[in-house]
Each structure stands twice: as C-alpha cells, then as structure tokens.
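Biologist: I'm new to this one, and I'd like a tour. Let's look at it together first.

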Amino acid sequence: MLLNDIYLDAIGVRLGRPTDLADAVAEGRYPSAEYTANALLGAVVSDEFAPDMAVSAVRQAMERSAARPADVRMILHASTYYQGQDMWTPASYIQQQTIGGNAPAVDVDQKSNGGVAALSLGAAYLAACDDDAAVLLTTGERFCDPGFDRYRSESGTVMADGATATVLTRRPGFARVLATVLTADPTLEEMYRGRSLRDAPASGDKPLNMRSRKKLFMRSRLRDLEKISEQIAGGVGDCMGRALTEAKTELAEVRRFVLPNVGQTVRWWSVLAAMGVGHERTTWDFGRGIGHLGAGDQALGLHHLVETGALEPGDRVVLAGTGYGFNWGCAVVEILDTPRWGGAASE
C-alpha cells in the first residue's frame, strides 16, 4: 500500500531488566548448543504484566508526541502471548489507563508480525481521517513460567519482556511512512497448530511446547523440508521487495533494516546476505542482547536507531516481520528529522 502524508510522530518503550544468556546456560536453563548456534547474548525480563508495560510505553510516547489524546481515532494493540487474563480486551485496558476517550480499541493477533500488521492497518485507517487525527499502536509481551519457557518453548530465539507504543499522525512527524505491505501463505498454518484443536486453553501446569508442533509438521514432510524453509524465509524477502517497489526505493538506498530479534539459525539471515545486506545494516548487534519482543521488535529497533542517533534526515529504513500463519509484513519509512528525544537532540 503506497501512502501519502502518514507519519511516525513518537515512539515510547518499556523494557524489562537485562539478563545474560551465559548465566542461563550455566544454570541449565538454555541449551549451550543453541547459545552457540544462535549467537544471542541476552534477554530482557520483567515482573510487570504485559498490558501494564504497554501503559508505560504509551505515556512516554504521548509525552513525546504533538498529538493530544482527543486526536487519537483508533488504538491497535498487538501481542503474541498471554496478556494477563482470559476472555479480555487488553487494548481497552491500555486505552482506559492512558488516553481514555471513545476511539475504537482493537486487539491485533498476528503473533510476531502483529506490530507490522498494526502499522499497516493503522496507516490505512488514518489515511481516511482528518488532518488532526492520530492512531496509537501498542505492543506488550511477557513470557514467563508456568505457561511459557522463554528459553525452550520455541526454537531459534529467546523470548523477551517489554512493550512499545507508536503514534501515527497525518501531520508531519520525525518519519514518513512511504509504503506498507502484508502477505500470507496459509498452507503453512498447520506448523503451529499441532495434532488437533482443543476444547479449552492449555492448563498452564507446564510450558507450551511450540517445538513439538513444528517437529510433528516437519516429520510428515521430510522430503519438503528445504522447500518449506525457503517458503518461510522467502516470504520475508518477497514482502520486502514489494514494499520497496511501492516506496520507489532501491535496496541499496536503504540505510538500515529492522527485523525480529532472533538467532542466527533462522533462515532469513542467509536470505538477507544473499541480497547483499550484512549485519551492519540491521539491528542485529542491538537485538541479540534484547531477545525477541514478540510483536514489538520493529518499533523497538527503530526507537533504538533514532534514540542513539544512528539515523539522519533522508535515511530510509525497512521494518520487516513474520508471524505464524504464515504472515509477513514490511514497511518502508523515511527519516525527516531528529526528534527531541533522539540521539543528536539529547546529547
């Protein structure tokens, strides 16, 4: 979707405390072989509930934004894991605890692609609004026992705790959204469904085992493993290519790529390398010490680049993600200036 006059006005972040994965290995909580293969260094861990972290992120973002609470016409909350209560609407809780008002509050569930999906949906909605309008995008994650083992429930990554909030506006902000693209391949949906559907949620007596579902899927398709791997990794590349085309941007013109904070065993790193994109153009060095923030990696990565002064006006940045289903998303943004909370302004 090619966009006109949609901007990123502010980003807020709330992260858990840093932990060292070497300690998790020494204590037997994280397999040493995966520690070596994935090359991840740390994960942020919190005792706060995910929606409460999102509330903190919203308050920071709104303090940084020129938008007023009354300007917000929609709230989109994206998450990956349990938000603290069954049969509940965390988006409405976040709204009630922060900006209030009567804008619709919507929960977005595309797992790790949720943040990019919310950005795309929010931008499309905002394009039909008046010039004073804003859309608030939030993410919030907390992966903890007994329901989730951040080190072992999933493969290729270590899950992290934290939240983000992004304010989209029609009036100029620090970055312009040039294009967004969402794509999907439902033939891969079964990979994370498992053997069958259930009558009730998991009891929480033991952590979810996402790996077993994936292994079951792969064992029934041993002859197609390479093809499946290429489908998943290629989906990111294809989605990225479409977004760059819509943004009229060449790959070489992109200053930085913000991808999910996952380990080196994940195939898309090699896809990027084949495209000529090295780690130095990504947020790998930052993300490997944070862990996978579920739906929030893209907003967090962009926040990091802006806050540390790594971007300049005119730079173009790609935000890309993937989620179970399988779903892929990509946005291309152009930096217009350094906000007052950015690196150059805060030194």
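Biologist: Are Phe-174 and Trp-341 buried or exposed?
Modeller: Quick ground rules: this is a predicted model, where local features need pLDDT of at least 70 and side-chain atom pairs count only at pLDDT 80 or more, while totals for chains, interfaces and linings use all residues. Residues are numbered from 1 along each chain as its sequence is written, and side-chain values use heavy atoms, with hydrogens and water left out. Buried means under 20% relative accessible area, exposed over 50% and partly exposed in between, with a 1.4 Å probe and protein chains only. On that scale, Phe-174 and Trp-341 are both buried.

Biologist: How many aromatic pairs are there?
Modeller: Rings of Phe, Tyr and Trp (its six-membered ring) pair if their centres lie within 6.5 Å; planes under 30 degrees apart are stacked, over 60 edge-to-face and the rest tilted. Under this rule, the number of aromatic pairs is nine.

Biologist: What kind of pair do Phe-174 and Trp-341 make?
Modeller: Their ring centres are 5.6 Å apart. The planes meet at 85°, so the pair is edge-to-face.

Biologist: How many residues apart in sequence are the parts that this pair ties together?
Modeller: Helices (H or I, at least four residues) and strands (E, at least two) are DSSP runs, numbered from the N terminus. Phe-174 sits in the loop between strand 7 (162–169) and strand 8 (175–184), and Trp-341 in the loop between strand 11 (327–335) and helix 11 (343–346). The pair therefore bridges parts whose separation in sequence is 167 residues.

Biologist: What is the order of strands in the open sheet?
Modeller: Two strands pair if DSSP finds at least two bridges between them. The open sheet has nine strands with mixed pairing. Strand 5 (105–108) and strand 9 (254–258) are at the edges with a single partner strand each, so one side of each has no neighbour in the sheet. Written out, the order is 5-4-6-7-1-8-11-10-9.

Biologist: Which residue in strand 6 stands opposite Leu-76?
Modeller: Strand 4 (residues 72–78) and strand 6 (residues 134–141) pair in the parallel sense, over six bridges. In strand 6, the residue opposite Leu-76 is Leu-137.

Biologist: Which element gives the most to the largest nonpolar core?
Modeller: A nonpolar core is a set of buried Ala, Val, Leu, Ile, Met, Phe, Trp, Tyr and Cys residues joined through side-chain atoms within 4.5 Å. The largest has 41 residues, and those with the most contacts inside it are Leu-8, Leu-168, Phe-174, Leu-302 and Val-317. Elements that each supply at least two residues include strand 1, strand 4 and helix 10. With five residues, the top contributor is helix 5.

Biologist: How many residues of helix 10 are buried?
Modeller: Helix 10 covers residues 297–307 and is largely enclosed by the rest of the structure. Its buried residues include Leu-300, Leu-302 and His-303. Out of 11 residues, the buried count is nine.

Biologist: Where does Gln-95 lie?
Modeller: At 8% relative accessibility, Gln-95 counts as buried. Leaving aside neighbours within four places in sequence, Gln-95 is in contact (heavy atoms within 4.5 Å) with several residues, among them Ile-75, Asn-102 and Ala-105. Its home is residues 90–97, helix 4.

Biologist: How far apart in space are Leu-178 and Thr-249, C-alpha to C-alpha?
Modeller: Leu-178 belongs to strand 8 and, at 10% relative accessibility, counts as buried. Leu-178 and Thr-249 are 71 residues apart in sequence. In space, their C-alpha to C-alpha distance is 9.4 Å.
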